[in-house]
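The following exercises are to be worked with the sequence and the coordinates at hand. Each task is followed by a solution in steps.

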Amino acid sequence: MQITSFKQYEEDYKKSIENPEQFWGEVAQNFQWKKPWFKVLSWNFNEPDIKWFEGAKLNITENCLDRHLEKNGDKPAIIWEPNNPEEESVTLTYKMLHERVCRFANVLKRNGAKKGDRICIYMPMVPELAIAVLACARIGAVHSVIFGGFSAKSIADRINDSQCKLVITADGAYRGNKQIPLKDVIDDALIGCPTVEKCIVLTHVRTPVSMLKGRDVWWEDEVKHVNDICEAEEMDAEDMLFILYTSGSTGKPKGVVHTCGGYMVYAGYTFTNVFNYQPGEVYFCTADIGWITGHSYIVYGPLSQGATSVLFEGIPTYPNASRFWDIVEKHKVNTLYTAPTAIRSLMSFGEEPLQGKDLSSIRVLGSVGEPINEEAWHWFDEKIGHGKAPIVDTWWQTETGGIMISPIATVTPTKPSYATLPLPGIQPILVDENGKEIEGNGVSGNLCIKFPWPGMLRTTYGDHERCKQTYFSTYENLYFTGDGCLRDEDGYYRITGRVDDVLNVSGHRIGTAEVENAINMHAGVVESAVVGYPHDVKGQGIYAFVINPEMHGEAELTKKDILQTVTRVIGAIAKPDKILFVSGLPKTRSGKIMRRILRKIAEGDTANLGDTSTLLDPGVVEEIIAASKALK
Ligand code: WT7
């Protein structure tokens, strides 16, 4: 199933469009099924109702573990690199990983988990996180991994939305020179989570934690009570595999649902192709498993292909800005898949951190999460790839399950800042505001997909109508991505950014409404409006316009209080970079905030505000402009 020439890409692409069922049916033969499907695809984008590999039975962990044991059991599956470089790294072979997953799967059963139950995972980037994820999949429980940067309230909202029965966490996490008290955060969250019966706690940082009798148990104790034999639960191709919460343009995050069969096929197929993975190579994705990139391209994609996946606990700048390069040298990394924000941050340290580092093992580079600017692209290409490693700029989303538009390493000619061409099976289309197709090249519009692919979301947990409204109702018979996109003269795609009220801050997806709701929870705040603005390292920064008449004279302190409020309500990742106190917001006569104007002001582009004649009170704009100029 690996594409090795551009001609083959063109042929496969053509076939995938002309006969999608045959195409994906053949791809799926490369996986292990307990029972075959009777129909490859049935679909309807109006409901939406999408089924891939109907009737087929499988367990994704047999594809990620068992099927590699005989030939590659002693091959490294996961290489764990700890936060502290002085500590030993840990290698888990496929045999070891299989054994630990089975053992922990039995721990889950012992604690009352069964097929279909939802399990929340809130853990540091340690091997046990991958083990926990796979153990859920082993017994057919649905995992909902929550990124370690979210607050207790965010966790509680997610746990309650999907009624999780179990939580898996650790005492704490290391992040650079900081320690994050994960169990404390979970304790706060669980006060408001009546469905949670058990909490399994891994010892990691050895900080004191409270252990509630009857609810909390230690990971290390539990594994002693079970053996390591656990048969994989037989799952239907369309049974739920996991839920992953992501932000949209409304205040409440959505639980994106992925299912077992299609997701597995898509994650595995895209992994082996996009990165041109070769047996024996070491692959390093720097994402966190708390995001979709980690699900698909640290755990399921690489392991389904018998690859060696590096799992890094720390951050790119600890103990210094050489850390990624030290890891590349130490583990002889062949593929490095990271985010533009990390590249830009490391660029800012200059060349010194690269001195004397042996990066000769690198063969393929990847970028994900946000548009990569040309300067970052060239730096990545020259300084890290030494002009010899193709860069795959991979465009996709939590909802798509896997990479959608991207070069295929060594196959597709690349172009700086372009995600280039759709992968086989992917049918992108650009439309105008009315949903009319924009044909031809040298055009731009809103990016939609007009045909299903195996890795696509099936629903949003507990609220199918919301899935329909968000993705399938804007334009008839199309999946709407929320992204703007340009197709150049060569037919190459370049993603230009979100066209909805969703921000991309350091590759983290954050809804403006979510941040506004959090700010508005602060005592004294009457109203707020949040927009994004260009930020050198983060891609986008968060700019908040806030009406707060009662500041007790201390504006700077009040700003800090607001930041603290946002940290409590969502998490530190959603903290505004700039807060501007204003006495009013630009509104139309019907009361709608004109964000267009606020965006211009946040960008510092106040000369081109466009038409302001429909404003209720044009004077407020003058006041905001004057105040914004005084803001650092
Ligand atoms: C949004 C999805 C998919 C993994 C990480 C983010 C933006 C993603 C690219 C890229 C330009 C990109 C889009 C998309 N995005 N990759 N290569 N070039 N933009 O997943 O949190 O679901 O965010 O990230 O705006 O809609 P996510």
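**Exercise 1. Internal cavities**

The largest cavity encloses about 60 Å³ of space; the model in which it occurs is a predicted one.

*Task.* Determine which residues line the largest cavity, and how the lining divides by class.

*Solution.* Step 1: list the lining. It consists of Val145, Ile146, Phe147, Phe150, Arg158, Leu244, Tyr245, Gly290 and Trp291.
Step 2: assign the classes. Seven of the residues are nonpolar, one is polar and one is charged. Because Gly is counted as polar and Arg as charged, Gly290 and Arg158 in this lining take those two places.

*Task.* State how many cavities of 30 Å³ or more the structure holds, and describe the second largest by volume and lining.

*Solution.* Step 1: the number of cavities of 30 Å³ or more is three.
Step 2: the second largest has a volume of about 40 Å³.
Step 3: its lining is made up of Phe150, Ser247, Arg509, Ile510, Glu514, Ile570, Ile573 and Ala574. By class, these are five nonpolar, one polar and two charged residues.
Step 4: compare the two lists. Phe150 appears in the lining of the largest cavity and also in that of the second largest.

**Exercise 2. Strand S24 and its partners**

*Task.* Establish whether strand S24 is mostly covered or mostly uncovered, and which strands are joined to S24 by bridges.

*Solution.* Step 1: consider burial. S24 spans residues 479–487, and eight of these nine residues are buried, the cut-off being a relative accessible area under 20%.
Step 2: consider strand S22, residues 443–449. Six bridges join S22 to S24, and the two run antiparallel. Within this pairing, Val443 has Arg487 of S24 as its bridge partner.
Step 3: consider strand S25, residues 493–498. S24 and S25 are also antiparallel, with five bridges between them; Asp483 is bridged to Arg498 in S25.
Step 4: examine the connection. S24 and S25 form a hairpin with five residues in between, and Gly491 in the turn has a positive phi of about 80°.

**Exercise 3. Surroundings of the ligand**

*Task.* Identify which residues come nearest to the ligand, and give the distances for Gly369, Asp393 and Thr398.

*Solution.* Step 1: there are 17 residues around the ligand, of which Asp393, Thr394, Thr398, Asp483 and Arg509 come nearest.
Step 2: take the nitrogen atoms of the ligand. One lies 2.7 Å from a side-chain N or O atom of Asp393, and a nitrogen atom is 3.2 Å from a polar backbone atom of Gly369.
Step 3: take the oxygen atoms. An oxygen atom of the ligand is 2.5 Å from an N or O atom in the Thr398 side chain.
Step 4: relate this to the earlier exercises. Asp483, listed among the nearest residues, is the bridge partner of Arg498, while Arg509, also listed, belongs to the lining of the second largest cavity.

**Exercise 4. An open sheet**

*Task.* Give the strand order of the open sheet of eight strands, and name the edge strands.

*Solution.* Step 1: the order is S12-S11-S8-S6-S7-S14-S15-S23, with mixed pairing.
Step 2: the edge strands are S12 (216–218) and S23 (459–460), each of which pairs on one side only.
Step 3: at the S12 edge, strand S11 (residues 198–202) pairs with S12 in the parallel sense over three bridges. Here Val201 stands opposite Trp218 of S12.

**Exercise 5. Val328**

*Task.* Decide why Val328 counts as buried, and locate it in the fold.

*Solution.* Step 1: Val328 belongs to helix H11, residues 323–331.
Step 2: Val328 counts as buried because its relative accessibility is 0%.

Methods. Residues numbered from 1 in each chain as written. Predicted model: local features only at pLDDT ≥ 70, side-chain atom pairs only at ≥ 80, totals over all residues. Heavy atoms only, no water. Buried < 20%, exposed > 50% of the residue type's maximum accessible area, 1.4 Å probe, protein only. Helix = DSSP H or I, 4+ residues; strand = E, 2+ residues; numbered from the N terminus. Pairing = 2+ DSSP bridges. 1 Å grid on protein atoms, 1.4 Å probe; cavity = no way out; pocket = protein on both sides within 12 Å on 5 of 7 lines; lining within 4 Å. Points joined across faces, edges and corners; volume = space filled by probe spheres on them. Near = heavy atom within 4 Å. Polar contact = N/O pair within 3.5 Å; in protein donor to acceptor, adjacent residues only side chain to side chain.
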